[in-house]
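Please open the structure in your viewer and keep the sequence beside it, since the tour below moves from one selection to the next.

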Amino acid sequence: MLERADIVLALIPVLAVSGLTVQTLIAVTGIGTGLLAAPLAPAGYLAALGVVVRELLWAPATTNGTAGRA
């Protein structure tokens with residue numbers, strides 16, 4: 001059975017590669033669309049970084065409600 005941690009760990013590389021994949025698809029389909037697709041490569045990396053930061057900062061606080069209590 002898949003747990004939340006497994007899904008998050010699978011999501012990070014998928015997001016990182018998605019920007020490059022979309023950029024490649026746009027560049028292959030047209031000649032002048034290279035400039036349009038240029039910002040898509042960092043977008044995938046930023047989305048993956050956003051997931052990592054979210055998991056590091058907010059997930060432990062919401063999943064462990066008894067932290068800090070005696």
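Which side chain does a polar contact of 2.8 Å join to that of R54? The partner is E55, whose side chain is joined to that of R54 by a polar contact of 2.8 Å; a polar contact here is a pair of N or O atoms within 3.5 Å, where within protein one must be able to donate a hydrogen and the other to accept it, and where residues adjacent in sequence count only if both atoms are side-chain atoms.

Before going further, please note that this is a predicted model, in which local features need pLDDT of at least 70 and side-chain atom pairs count only at pLDDT 80 or more, while totals for chains, interfaces and linings use all residues. Residues are numbered from 1 along each chain as its sequence is written, and side-chain values use heavy atoms, with hydrogens and water left out.

**The whole protein**

Colour the model by secondary structure, and four helices and zero strands appear, in the order α-α-α-α along the sequence; helices (H or I, at least four residues) and strands (E, at least two) are DSSP runs, numbered from the N terminus. Of the 70 residues, 14% count as buried, where buried means under 20% relative accessible area, exposed over 50%, and partly exposed in between (1.4 Å probe, protein chains only).

**Helix α3 and E55**

Select residues 40-57, which form α3. The 18 residues of this helix should span 26 Å at 1.5 Å a residue, and the end C-alpha atoms of α3 are indeed 26 Å apart; the expected span is 1.5 Å times one less than the number of residues. The buried residues in α3 are A41, G44, A48, V51 and E55. Seen down the axis of α3, these buried residues fall within an arc of 105°, so they line one face of the helix, the arc being that of the directions from the helix axis to the C-beta atoms. Turn to the other side of α3, where L46, L56 and L57 are exposed.

Now return to E55, which lies in α3, and which counts as buried because its relative accessibility is 18%. Besides R54, show R4 as well, because its side chain makes a polar contact of 2.8 Å with the side chain of E55.

**Helix α1**

Select residues 4-29 next: this is α1, with 26 residues, reaching 36 Å from its first C-alpha to its last, close to the 38 Å expected at 1.5 Å a residue. At S18, α1 bends by about 30°, the bend being the angle between axes fitted to the seven residues ending there and the seven starting there. V8, A16 and G19 are buried in α1, and the buried residues of this helix pack against α3.

**Where A41 meets G19**

Centre on A41, a residue of α3 that counts as buried at 13% relative accessibility. Leaving aside residues up to four places away in sequence, A41 touches G19, L20 and Q23, a contact meaning heavy atoms within 4.5 Å. A41 and G19 are 22 residues apart along the chain, yet their C-alpha atoms are separated by 4.4 Å.

**Last stop: T24**

Finally, select T24 in α1, which at 47% relative accessibility counts as partly exposed. A polar atom of the T24 side chain lies 2.8 Å from the backbone oxygen of L20, whereas the C-alpha atoms of T24 and L40, 16 residues apart along the chain, are separated by 9.4 Å.
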